[in-house]
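The following explanation leads through a protein model shown with its bound ligand. Please keep the sequence and the three-dimensional view at hand while reading.

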Amino acid sequence: MSEVVKLQLIGLAVVGSGALILLLVRAQFVRVIGFVAIVLGLFTLTALSVPQMASLPPVEEKFDIATVKTPTDMATIGQKIFFSKGQCALCHTIGPSESARCPDLKGIGAKLSREFLFESLTQPQAYIYLDYRHEGQPKEYPARMPYINKNPIGLSKNEILSVIAFLQQMSGEPISVSVAELEVPGQAPAAPVKVAQSGPVAVAQAH
Ligand code: HEC
């Protein structure tokens, strides 16, 4: 029996006993108590008949490394983060917009190097990009780029790398972050070996 059903039964019992009192008892004071019981019981029943809605926080995107096989997978996750947990789309547009309070990020993956992108996200005050969209002196944007790796947004390194992959992909650039750079939770010592086996070495040899 669910909690609500139990409470409804109690409500019904209270209403019922109130009705019985009104039917059977003549004493004025007891009749008042019976009347109050009916009102309270009905009130409870009405409240319980309102559908219960749990307001849960939005489901967090789980970063499951096992499912990430290619840089494109990273970009797909990065895109989700861009529009959800990362809150980037609250401020930035991808493509020009009159109302934008912050820089348009269209083509940003081609304009900025991967290192610069990482710095823009984790040390936003190191280099402040100014608003050149109007005549005269460029001005600072009214909003501030938040530290993406700190609270309240607090993206992990893996999530930041994925966002960079997305920014590069949507700019038509080759994705320069590799899956081997992702931190595998609880497997820190194994990571250097993995890095050595994959991408960067192959690239170094190719040059
Ligand atoms: C509160 C608003 C806000 C949020 C949220 C935000 N940004 Fe920014 N961002 C800005 C502002 C303002 C600037 C320009 C000033 C500066 O460079 O610090 C900027 C600058 C940048 C730049 C550098 C642009 C350039 O041309 O040099 C990048 C890249 C960037 N943001 C990416 C992101 C990403 C990715 C996210 C989400 C993970 C994000 N931002 C979230 C406001 C925001």
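Helix 4 (88-91) and helix 6 (114-122) each contribute at least two residues to the shell around the ligand. The model is a predicted one. In total, 23 residues surround the ligand, and the closest are Gly 86, Cys 88, Cys 91, Tyr 129 and Met 145. By character, this shell comprises 18 nonpolar residues, four polar residues and one charged residue.

The wider architecture may now be considered. The protein contains nine helices and zero strands, so that its pattern, read along the sequence, is α-α-α-α-α-α-α-α-α. Of the 207 residues in the protein, 18% are buried. Among contacts between residues at least 6 apart in sequence, 54% connect residues at least 24 apart.

The largest nonpolar core consists of 23 residues, and Ile 160, Leu 161, Val 163, Ile 164, Ala 165 and Leu 167 are those with the most contacts inside it. Helix 3 (71-83), helix 6 and helix 7 (157-170) each supply at least two residues of this core. The largest share, seven residues, is provided by helix 7.

Helix 7 therefore merits a separate description, because eleven of its 14 residues are buried and it is largely enclosed by the rest of the structure. The buried positions are Asn 158, Glu 159, Ile 160, Leu 161, Ser 162, Val 163, Ile 164, Ala 165, Phe 166, Leu 167 and Gln 168. The cover over these buried residues includes helix 3, helix 5 (108-111) and helix 6. From its first C-alpha to its last, helix 7 reaches 20 Å, close to the 20 Å expected at 1.5 Å a residue. Following helix 7 is Gly 172, which has a positive phi near 75 degrees.

Val 163 shows in detail how one residue of the core is placed. Apart from residues up to four places away in sequence, Val 163 touches Gly 78, Ile 81, Phe 82 and Gly 86. Among these partners, Gly 78, Ile 81 and Phe 82 are buried residues of helix 3, while Gly 86 is one of the residues closest to the ligand.

Helix 3 has 13 residues and spans 19 Å from its first C-alpha to its last, close to the 18 Å expected at 1.5 Å a residue. Its buried residues are Pro 71, Met 74, Ala 75, Ile 77, Gly 78, Ile 81 and Phe 82. Viewed down the axis of helix 3, these buried residues fall within an arc of 165 degrees, and they therefore line one face of the helix. An α-helix has 3.6 residues a turn, so residues three or four places apart point the same way. The buried residues of helix 3 pack against helix 4 and helix 7.

Several loop positions add to this picture. Gln 87 lies in the loop between helix 3 and helix 4. Although Gln 87 is not a glycine, it has a positive phi of about 60 degrees. Gln 87 counts as partly exposed because 16 other C-beta atoms lie within 10 Å.

Val 177, in the loop between helix 7 and helix 8 (191-197), is by contrast buried, because it has 24 C-beta neighbours inside 10 Å and the threshold for a buried residue is 20 or more. Leaving aside neighbours within four places in sequence, Val 177 is in contact with Pro 71, Met 74, Arg 114, Leu 161, Ile 164 and Ala 165. From Val 177 to Ala 165, the C-alpha distance is 6.2 Å, with the two residues twelve apart in sequence.

The last region to consider is the end of helix 6 and the loop that follows. Thr 122 belongs to helix 6 and is partly exposed, because 15 C-beta neighbours lie inside 10 Å. Beyond its neighbours within four places in sequence, Thr 122 is in contact with Tyr 147, Ile 148 and Asn 149. Thr 122 and Leu 155 are 33 residues apart along the chain, and their C-alpha atoms are separated by 9.7 Å. The loop between helix 6 and helix 7 also holds Pro 152. Asn 151 and Pro 152 are joined by a cis peptide bond, with omega about 5 degrees.

Terms used:
Residues numbered from 1 in each chain as written. Predicted model: local features only at pLDDT ≥ 70, side-chain atom pairs only at ≥ 80, totals over all residues. Near = placed C-beta within 6 Å. Helix = DSSP H or I, 4+ residues; strand = E, 2+ residues; numbered from the N terminus. Nonpolar A, V, L, I, M, F, W, Y, C, P; charged D, E, K, R; others polar. Core = buried A, V, L, I, M, F, W, Y, C linked by C-beta atoms within 7 Å. Buried ≥ 20, exposed ≤ 12 C-beta atoms within 10 Å, placed from the backbone. Contact = placed C-beta atoms within 7 Å. Expected span 1.5 Å × (residues − 1). Arc of directions from axis to C-beta.
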